[in-house]
Every structure is written in structure tokens, then in C-alpha cells.
Amino acid sequence: MIRRCLNALAFGGLMFLVACSETPSHEVAAVTPMSAAPAPTAVSPSEAVFVASGPLVVEHQVDVMAQRDGLVSKILVDSGTRVKTGQTLAMLDDRQVSADLEAARAKTRSMEADLKNWQAETKVLESDFDRAQKLWDAKIISKEQLDHDRYKLESDKYDVQRSQELLTNSKHAEHSLELELEKTHIAAPFEGIIARRYVRAGQEVNHGDRLFWVTAETPLRVRFTLPEHFIGRIKKGTQLSLTTADLPDAKHNVRVIEVSPVVDPSSATIEVLAELVGNRGELRPGMSTNILVPNPQ
């Protein structure tokens, strides 16, 4: 009986020791995966080069729009055509405007002739009034006759002024039609290349419709942003290296021409504008680029 009790006690002790020895192993198994996760690594501000990115742009790049309603009668250039300042790109139907302009010019010529006629008559009346004045001084004519010649001369002078104003108005109307005629000739605003054509011959366009996209080819510029700790370290005239993924073997330099005087509070960055130095090679407006900026230590 005593031996049976001793065996039971021994078996119970053995089970207690086994349970105690297994508990730490389960705790280690639960903790081990968490301790094995890698800690996040922060980017060090002491890296030698900061890489910024931005597209290549040009200062002059606009959509040429129709300045009046009309029908496109001629297309003189297409995409890829290099153009000079003032070169005609397309023409709108100008027959109605041309006819109105010729009518206005004829009216102006008529006004000019009418004015000359009134001016000549005024000279005659001035001569008549001078003669009447001498006759009045000699007591040959009455005061009423002298006043009659005076008032007639004054009336004629007012007719001259009226004709001058009518002539001025006619000339302004003529000039307005000349401007409308100029609007039918779509011209390049600056030297560059036709990047896109939006219209075709025979198309009806309205005022404000896009006709061509004209872009200059030089100088190439790039606009990018830098963290605010570059303030005071990146300045106008600083030269930086520029690369592009499309042309990995090409190396170019840009010169900083503008640095924003304020920090964008939403991103804590400053804006920088740089211009390409030297030959552009295969670079074209719109290409994505990387700018290598030495990081302040």
C-alpha cells in the first residue's frame, strides 16, 4: 500500500516537472517570430547625392486658338514643321471681311473728299467775311449783312469739324476691319515647331477653338522640388548633373536660374528651375529627367 502511494507521488512529481519544462519552450516559440522581423531603416540625410525628378519644359509653348469664327480655307503647315515668328499656319475664309473692308475704305475716301469740300467752302466764306468787314468799316453795308456773313462762316466751320469727326470714325471702322482680316491669317507667335495640329481644311471653327500646338525647342528647362534643408545651399548659378532613363548614356549639365523664395507648407519643399547648358543632343521637351543634387552634409 505504501509502495503504491510512493509510486503515485513519484509519477505526479514527474508530470509536474515535464509541465514546467515545456512552458518556457512555448513562450520562446511565440516570441521568436516577432524578434526576427527586420527593423525599418530611415533614409540618412547625409547621403552624398539627392536625386530629384522633373520633366523638360520650354518657356514658349502655347495652343494657337481661333480669334474669330470662320471656315478653315487653307492649312499651310503640319505637325513637325518648323516655323518662324509671324509665319502663316492656316487661313480662314476672308471674303466677307475683305468686302466689308473695301466698303469701309471707300467710305473713308468719300469722307476725306467731303471734308476737303467743306474746308474749301470755309476759305471762300472767310474771304467773303473779310470783304464784308471792310464794307462795314466803310459804312457801305448794314450790320445785319455783316452778321449774316459771320454766322454763315461759323456754321461752315462746324460742318468742317463734323466732317473731321465722321472721317475719324470711318478710319477707326476701317482699322477694325483690318484687324478682323488679320485674324483670318493664323500666324506663329514665336519661332518653334508645330507639335500638334487640331484642325483640317474645310472645318468650321469658333472663337477660342484650338488650331495648333506650337512649342519652342530651346532653351530646355527643368522644374523640380527639393527638401527644405536645401535652402541657402542651392543658389542661382549652381550647376547640376542631369540624366534621363530614355538616354542612359547621355550626360548633361543644367544651371539653376531660379529658386523659390518660400517653402511649400504642404510638402516642406522648395521649387527650383534650371536651364540646360550646352548641346541638347537627343533631349526633347516633355521628357522625364533626374537631377543629381549634392546633399548638404
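In this predicted model, arginine 210 lies over the face of tyrosine 198, at a distance of 4.3 Å from the ring centre. A second charge placed in this way is that of lysine 139, which lies over the face of tryptophan 136 at 4.9 Å from the ring centre. The points below turn from these rings to an open sheet of 4 strands and then to threonine 122, a residue of helix H2.

**Rings**

- Where a lysine or arginine sits over a ring, the examples here include lysine 139 with tryptophan 136 and arginine 210 with tyrosine 198.
- Pairs formed between two aromatic rings are a separate matter, and for these the count comes to 1.
- In general, a pair of aromatic rings is described by how far apart the centres are and by the angle of the planes.

**The open sheet**

- The 4 strands of the open sheet follow the order S6-S5-S3-S8, and their pairing is antiparallel.
- At the edges of this sheet are strand S6, residues 185–187, and strand S8, residues 204–205, each of which pairs on one side only.
- Strand S3, which covers residues 70–75, pairs with strand S5, which covers residues 88–92, in the antiparallel sense and over 3 bridges.
- Within the pairing that involves S5, lysine 74 stands opposite methionine 91.
- Strand S5 also pairs with S6 in the antiparallel sense, again over 3 bridges, and here threonine 88 stands opposite alanine 187 of S6.
- Because 4 of the 5 residues of S5 are buried, this strand is largely enclosed by the rest of the structure.
- As general background, the strands of a sheet pair through backbone hydrogen bonds, and they do so in either a parallel or an antiparallel sense.

**Threonine 122 in helix H2**

- Threonine 122 belongs to helix H2, which spans residues 95–137.
- With a relative accessible area of 9%, threonine 122 counts as buried, since the cut-off for buried is under 20%.
- The side chain of threonine 122 reaches the backbone oxygen of tryptophan 118, at a distance of 2.7 Å.
- When residues up to four places away in sequence are left out of the count, threonine 122 touches Leu153, Asp156, Lys157 and Val160.

Technical notes:
Residues are numbered from 1 along each chain as its sequence is written. This is a predicted model: local features need pLDDT of at least 70, side-chain atom pairs count only at pLDDT 80 or more; totals for chains, interfaces and linings use all residues. Side-chain values use heavy atoms; hydrogens and water are left out. Two strands pair if DSSP finds at least two bridges between them. Helices (H or I, at least four residues) and strands (E, at least two) are DSSP runs, numbered from the N terminus. Rings of Phe, Tyr and Trp (its six-membered ring) pair if their centres lie within 6.5 Å; planes under 30 degrees apart count as stacked, over 60 as edge-to-face and the rest as tilted. A charge sits over a ring if NZ of Lys or CZ of Arg is within 6 Å of the ring centre and within 35 degrees of the ring normal. Buried means under 20% relative accessible area, exposed over 50%, partly exposed in between (1.4 Å probe, protein chains only). A polar contact is a pair of N or O atoms within 3.5 Å; within protein, one must be able to donate a hydrogen and the other to accept it, and residues adjacent in sequence count only if both atoms are side-chain atoms. Contact means heavy atoms within 4.5 Å.
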